[in-house]
Each structure stands twice: as C-alpha cells, then as structure tokens.
Amino acid sequence: MDSLSTADSSGAIETRGIEPVPDHERHGRVRELFPTWVAANISVLLLTMGAALVVFNSLNFWQVLVVAACAAVVSFGLVGVLSVSGKWGGAPGATLSRATFGVRGNLFPGAILWVARFGWETINAVTGAYAVLTVLNLCFGIKSNNVLIVVTLLLFVACTFLVSGMGRKVLNVCNKWSTYLFGLFSVLVLGYLVATIHWGEVFSRPAGTTAMMVAGVGTIAAGGISWVPTGPDFARYLPHKASGKRIVGATVSGAGLVMVPMVLMGAVMAVATPGLAKAQDPVSFLGDLLPTWLAVPYLLTAIVGMLLINSLSMYSAGFTAQTMGVKLPRAMAVSINAVISLVAGGLLMLVATSFLSSFITFLVLLAVSFSAWIGVYAVDMFRRRSRAVRYDAEALMDTSRNSRYWYVGGFCWQAMTAWAVALIAGLSFTSCAWFTGPLAGTPIGKYGLGWMATIVVSALIMAVLPTPRENTPADPAATPAPAEREKVAA
C-alpha cells in the first residue's frame, strides 16, 4: 500500500495527498469550479494566440470568434466531462487512471503527462516574468538585463510554489478575487479598444480558408486539452450527488468567459500591431498599445492570473509526482516542478531565439501527448458509469499484486495498447518546427487534426478490445463498505 497519510484536509493548508477523499470531507460546491477555470485561462498568451490567427492563419474577425468559441467548448467540454470521474472516485486524475492503465502501466502515460506539465509551467513562468519586466519598465524605466531576468523568474516561480503548496481552499479564494479584478480591467481594455481601434480596417479583412479555421481551433484548444487529466483533481471534493451536467457547464462557461474575449482582443490588437504575433517578448506590446494608466494595472492582474494558472498546474503536478512514486507530501512534491520551471524558463528567456515558435511547437506536441490519454480514459470511464462501485478507494492506493487494478503484471494491456498506438499515430500526423511526421501531408495533418485523430484512435482501439477484467480481491476486507459506494448516477 502507498504510505501517504490520510490527514483531514479541513484546514486552510491542504494536507491530503493522492488518497481518495472520504465522504465526510466532500464539502465542495460545483460553483467553485467556475472561478477555477476562469483563473486557469487568465493569460496574456491568449492575446498572442488570437493575433496569430490573424497574422499566420489569415482569419477575419468573425472567423476568429467562431474558432475561439469552438475551441473553448471542445477542449473544456472534455475537461468537464472527465472531471465527473473526480466526484466518482474522490481522487486526482493521475490516481484514478491506475484503474484504467493498471498500477504499473499508469506510470508510462503518467510520465509523459508529467513532462508535458513541466513545459506548460515553464511557458507560463516565462510569460509571467516578462510581464513583471514590462511593469518595471513602464513604471520605473528599468530596462531588462540577464540578472533582472533571472531574479524576476525566480520570484515568480517562488510565489507559484507557495500558493500551489497551500492547496485547494487557498486557490479557490485567490481564483475568486482574481476573476473579479481581471474581469474589471478586461472590460476597461475592451472599452479602450472600442474607442481607439479602426474598426473599419478590422471588419474589412478578407476571410481565411476553412483549413486555417480548423487548424486554429486545434491551436487554441491545446491549452484546454492539457487540463483534461487534471480536471478530476478539482472535482474530488464534490459530494456524490453533485450534478455531472453542472460540472460540465461550470467548466465550459468559466473557461469560455475568458478564452473567447481574450482571443478576440488579440485578433483586434493584431490589426493595430501586426508584429504582436511575431514578438520575442509576448507581453511588452501592451505597453505600446495601451496607455500606462491602463497597461500597468491590467498587467498586474494578468501576472496574478498567470501565477494562479501555474499554481493550479503545480497543484496537480504534485499529485502526478506522488502517483509516480515520489515519497514526499504533495506540497514538497511540487518543488520538483518549481525547480524544473526555473531552469527551463531561464534557458527559454536567455537562450531561445523565438518565444512564439517554441510556444506553438509545444502546444502541438502537448495536444497529442494528452489526447492519447484522453481517449483511453474516456472509454474506461464510460464503462464504469453503471457500476455500483465505480472506483475502489483502497485498491487505488494498493500498488501490490493483490490490488484490484493489478490486471496482468500490473498492466492493463488493452489500455496500454490503445494509448501507445494512438500516441504514435498522432505524432505521425503532426508537423511542427522540430519534426514532421510521415502522415503530416494527409488532410488530417494539413488541417492540424492530429490531436483529434489521437483521441479517436485511442478510444476506438480501447472500445473494440476485450473489456479489461479487474482482479477479485482475495481479502474480503478489501471490499469497500456500502457507505463508500457510489449512491447516485452522474
């Protein structure tokens, strides 16, 4: 059995690790998910991505609107649906997937998701550091240099580590207030743009191709897709009676409330500042486009937002580390990600020649790596929906041969096969700055649908292979008591 404690998590600082949350601690509310997913999208990178749809994909205003809306619904719709498993099993997604891939098999997709999480946290840390540097320049005339870059990056990562280590309750409070503040200043920025942008030029742009629209959906959706495996982490404190439909609704509406306007604002800004999408620094353009009295508070709220995004990511990364076998409390396990973000962020800011190129390449690979997990997990979750005991709490924590989720040698061969084949297929359809897959020239590759093909392939293979048979516990005491069983359907 895993040696992690099952301490009560009722205090301000969360002490619970990957062990399932018992019924008497399930005091969460579905509405808490709304500010969580608002905060998860407060990033000025969405402005840059919106600008890229205009500059690189040649889309007009209305096409960008459709792309942003579709990306929000598709990506965070998946987040919401798979988050329901969190209230079923009361455990983080990385732990619940032991039931899908097997106790040992789960280590392989878990390792890739963990590495991908490093990249996402690094991108956000770099963007946050650039925002701090921009504020220092606007307010005090302090120009960026290598020493200052390292200091700001270190401070940003340290703050992220502190907030993520405090746990769910602190994050919920921070998410709530950052939502209010960022919403207020976003309205002010939008009002300024409405008054100053040449709208005739914005609406007179010719329409782009359908292929570029579809590819744009994949680019914008990649960020949301990366949250899918961690969705259950934020739903595991919800009681069994919580509505699955409301979970999905709160997730999609929270994310869409930020994604759509931010991407649109980036597209509009690109008309006035075409170099926005190609800038090495994805933040400083705001100081040129907006007046100082508006740019500074907007950037400060954006810094808080990006700090929260990284805190949410590191919060879940701590669970992934524990599931991978790191024998540390969750808060300490987060330190691994913090150190890697600091080192990789320094390399990106001091050595890399193109931030946007690195970012887009990362998004493409991120979407494929997470999509292989999504298809397999979704089919397994669908099969569990009608079971009396959807997830065995004790078996999730049991890594011995007696575990219900040991399958064959610790591996669920059906899930591992579907995941591996889909991952290879997805990379074959992918084209990016680092490599081009052998099938990238096909319509799927040209339309940027490698991530969607990965989900479909993994789901289909998992669905047609024989349904995995869980091990029957040899010890009757290992069977959960009736009080721990699921009482209601999603």
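Me: Buried means under 20% relative accessible area, exposed over 50%, and partly exposed in between, with a 1.4 Å probe and protein chains only. This is a predicted model: local features need pLDDT of at least 70, side-chain atom pairs count only at pLDDT 80 or more, and totals for chains, interfaces and linings use all residues. Residues are numbered from 1 along each chain as its sequence is written, and side-chain values use heavy atoms, with hydrogens and water left out. Is Ala425 buried or exposed?
Reply: Ala425 sits in helix α17, residues 413–428. Its relative accessibility is 19%. The cut-off for burial is under 20%. Ala425 therefore counts as buried.

Me: Which residue is 29 places from Ala425 in sequence and 6.5 Å away in space, C-alpha to C-alpha?
Reply: Ala425 belongs to α17. The partner is among the buried residues of α19, along with Trp451, Ile455 and Met462. At 6.5 Å from Ala425, C-alpha to C-alpha, it is Thr454.

Me: How many helices and strands does the protein have?
Reply: Helices are DSSP runs of H or I with at least four residues, strands are runs of E with at least two, and both are numbered from the N terminus. Of the 490 residues, 59% are buried. The secondary structure comes to 19 helices and zero strands.

Me: What is the distance between the end C-alpha atoms of α19?
Reply: The expected span of a helix is 1.5 Å times one less than its number of residues. α19 has 15 residues, so the expected span is 21 Å. The model agrees, with the end C-alpha atoms of α19 apart by 21 Å.

Me: What share of the contacts with a separation of 6 or more joins residues 24 or more positions apart?
Reply: Contact means heavy atoms within 4.5 Å. Ala71 in helix α3 shows such a pairing: Val217 is 146 residues along the chain, yet the C-alpha atoms are separated by 5.1 Å. For the protein, the share is 86%.

Me: Which residues does Ala71 touch, not counting those up to four places away in sequence?
Reply: Ala71 has 0% relative accessibility, so it counts as buried. Its place is in helix α3. The residues touched are Phe76, Val217, Ile220, Ala221 and Met259.

Me: Which residues are in contact with Asn41, leaving aside neighbours within four places in sequence?
Reply: Asn41 is in the loop between α1 (33–39) and α2 (45–55). Its relative accessible area is 8%, so it is buried. Its contacts are Leu46, Phe76, Ala255, Val258, Met259 and Ile309.

Me: How many of the 11 residues of α2 are buried?
Reply: The buried set includes Leu45, Leu47, Thr48 and Gly50. Met49, Ala52 and Val54 are also among them. α2 is mostly covered, and the count of buried residues is 10.

Me: Which helix gives the most residues to the largest nonpolar core?
Reply: A nonpolar core is a set of buried Ala, Val, Leu, Ile, Met, Phe, Trp, Tyr and Cys residues joined through side-chain atoms within 4.5 Å. Of the 137 residues in the largest one, Leu47, Trp227, Met269, Leu286 and Tyr298 touch the most other members. The helix that gives the most to this core, with 16 residues, is α11 (244–272).

Me: Which helix supplies the largest share of the lining of the largest pocket?
Reply: On a 1 Å grid over the protein atoms alone, a pocket is an open set of points where a 1.4 Å probe fits, with protein on both sides within 12 Å along at least five of seven lines, and lining residues have an atom within 4 Å of a point. The lining has 30 residues, of which Thr219, Ile360, Val364, Ser431 and Gly448 lie nearest the pocket's centre. α2, α10 (210–225), α15 (355–384), α18 (443–446) and α19 (450–464) each supply at least two. The largest share, eight residues, comes from α15.

Me: Is Ser58 buried, partly exposed or exposed?
Reply: Ser58 is in the loop between α2 and α3 (61–89). Its phi is positive, about 60 degrees, although it is not a glycine. Most residues other than glycine have a negative phi. With a relative accessible area of 38%, Ser58 is partly exposed.

Me: Is Tyr407 buried or exposed?
Reply: Tyr407 lies in the loop between α16 (393–397) and α17. It is another residue other than glycine with a positive phi, near 55 degrees. Its relative accessible area is 10%, so Tyr407 is buried.
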